[in-house]
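Got the model open in your viewer? Have the selection tool ready and walk through it with me, one stop at a time.

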Amino acid sequence: MWFILADRQDITRAGIQYVLSSLDNAECHLAEDKYEMAEQLRQHPDAVVVLDYTLFDINDVEELQIFHDRFPNAAWLLFSVDLSIDFVRRVIAMGQNCSILLKESPMLEIRESIDYCRRRRRYICQRMAELLISNDDYNTDREEEIRLTRTETEILKDIALGMTTKEIADKRYSSFHTVNTHRKNIFRKLGVNNVHEATKYALRAGLVDSAEYYI
């Protein structure tokens, strides 16, 4: 079976490759970006994709949905540090071939999740399952815990003012990837999944003056 490892962390890559090395007929291939991932899926449409959504170059859940719809026979294992409850619910709604695994999960769950994906069964790690069950308490805690860094606050303001990721990167003399990672972290912390929701938060928090926003 063909496994696509769409993760930019070397230690994660090494760990997943080690787990897959113990499986019969498992071939693990790296994808540096979404274009390489798409090319591999075109050649192996029934592959298992191990994807770190937070660090990879997929912009939002809508773009992930496009990949899912384009390659319906693939199995998707989202393997990330942290994911918002709303995002996870939207991923789960895509179908049984979408699984969720947090990087804090023990080796037993990592192995189980890969086995479930091979058999086209959904897997939700225990920690995320607990968060989904206690969603109300979790959302209350998130509102109290929101702490954006100075850089994230500045980028959120630029996002709310309608600047693209490339424009923000040029303004800050940063790479597109760096700003895109900040963008994903901001969305994760706020528990939002698109620019519209992030902008509403920025307006409510007073980061952007309504008069400045409507100019």
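What follows is a tour that begins with the whole chain and then goes from residue to residue.

**Before you click**

This is a predicted model, so to speak of local features we need pLDDT of at least 70, and side-chain atom pairs count only at pLDDT 80 or more, while totals for chains, interfaces and linings use all residues. Residues are numbered from 1 along each chain as its sequence is written, and side-chain values use heavy atoms, with hydrogens and water left out.

**Stop 1: the whole chain**

Start in cartoon view. You should find 12 helices and five strands; helices here are DSSP runs of H or I with at least four residues, strands are runs of E with at least two, and numbering goes from the N terminus. The radius of gyration is 18 Å, close to the 17 Å that the globule rule gives for 215 residues, so the protein is as compact as a globular protein of that length. (That radius is taken over C-alpha atoms, and the rule is 2.2 Å times the number of residues to the power 0.38.) Turn the C-alpha trace along its principal axes and it spans about 60 × 40 × 30 Å.

Now switch on the surface. Its accessible area comes to about 11100 Å², and 50% of that belongs to carbon and sulfur atoms (Shrake-Rupley method, 1.4 Å probe; for residues, only the protein chains shown count as cover). Of the 215 residues, 45% are buried, where buried means under 20% relative accessible area, exposed over 50%, and partly exposed in between (1.4 Å probe, protein chains only).

Contacts are worth a look too: among those with a separation of 6 or more, 67% are between residues 24 or more positions apart. A contact means heavy atoms within 4.5 Å.

Color by charge next. The mean positions of the 28 positive and 36 negative charges are 1 Å apart. Lys and Arg count as positive, Asp and Glu as negative, and His and the chain ends are not counted; each charge is placed at NZ of Lys, CZ of Arg, CG of Asp or CD of Glu.

**Stop 2: Arg 183**

Select Arg 183, in helix α10 (residues 176–190). Which side chain of opposite charge is nearest to Arg 183? That would be Asp 60, 4.6 Å away, and Arg 183 is buried yet has no salt bridge. The cut-off for a salt bridge is a side-chain nitrogen of Lys or Arg within 4 Å of a carboxyl oxygen of Asp or Glu. Show the surroundings as sticks: leaving aside residues up to four places away in sequence, Arg 183 touches Asn 59, Ile 159, Thr 165 and Val 195.

**Stop 3: salt bridges**

The structure holds 13 salt bridges; here are some to pick out.

- Select Glu 152 and Lys 189, whose side chains meet at 2.8 Å, N to O, in a salt bridge. Glu 152 sits in helix α8 (residues 150–160) and Lys 189 in helix α10, so the pair ties together parts that are 37 residues apart in sequence. Glu 152 counts as buried, at 5% relative accessibility.
- Move to Glu 154 and Arg 172, where a salt bridge also spans 2.8 Å, N to O. This pair links distant parts of the chain, with Glu 154 in helix α8 and Arg 172 in helix α9, 18 residues apart. Glu 154 is partly exposed at 31%, and Arg 172 is partly exposed at 27%.
- Then try Arg 127 and Glu 130, a salt bridge with its closest N and O atoms 3.8 Å apart. They are three residues apart in helix α6, so about one helical turn separates them. Arg 127 is partly exposed at 38% relative accessibility, as is Glu 130 at 36%.
- Finish with Asp 7, Asp 52 and Lys 103, which are linked in a network of salt bridges.

**Stop 4: two positive phi angles**

Most residues other than glycine have a negative phi. Arg 120 is not a glycine, but its phi is positive, about 60 degrees. Look for Arg 120 in the loop between α5 (107–118) and α6 (126–133); it is partly exposed, at 28% relative accessibility.

Jump to Tyr 173, in the loop between α9 (165–172) and α10. Its phi is positive as well, about 55 degrees, and Tyr 173 is not a glycine either. Is Tyr 173 buried or exposed? Exposed, with a relative accessible area of 78%.

**Stop 5: a distance to draw**

Select Gly 15 in helix α1 (residues 10–21); Gly 15 is partly exposed, at 31%. Draw a line from its C-alpha atom to that of Lys 171: the two are separated by 37 Å, and they lie 156 residues apart along the chain.
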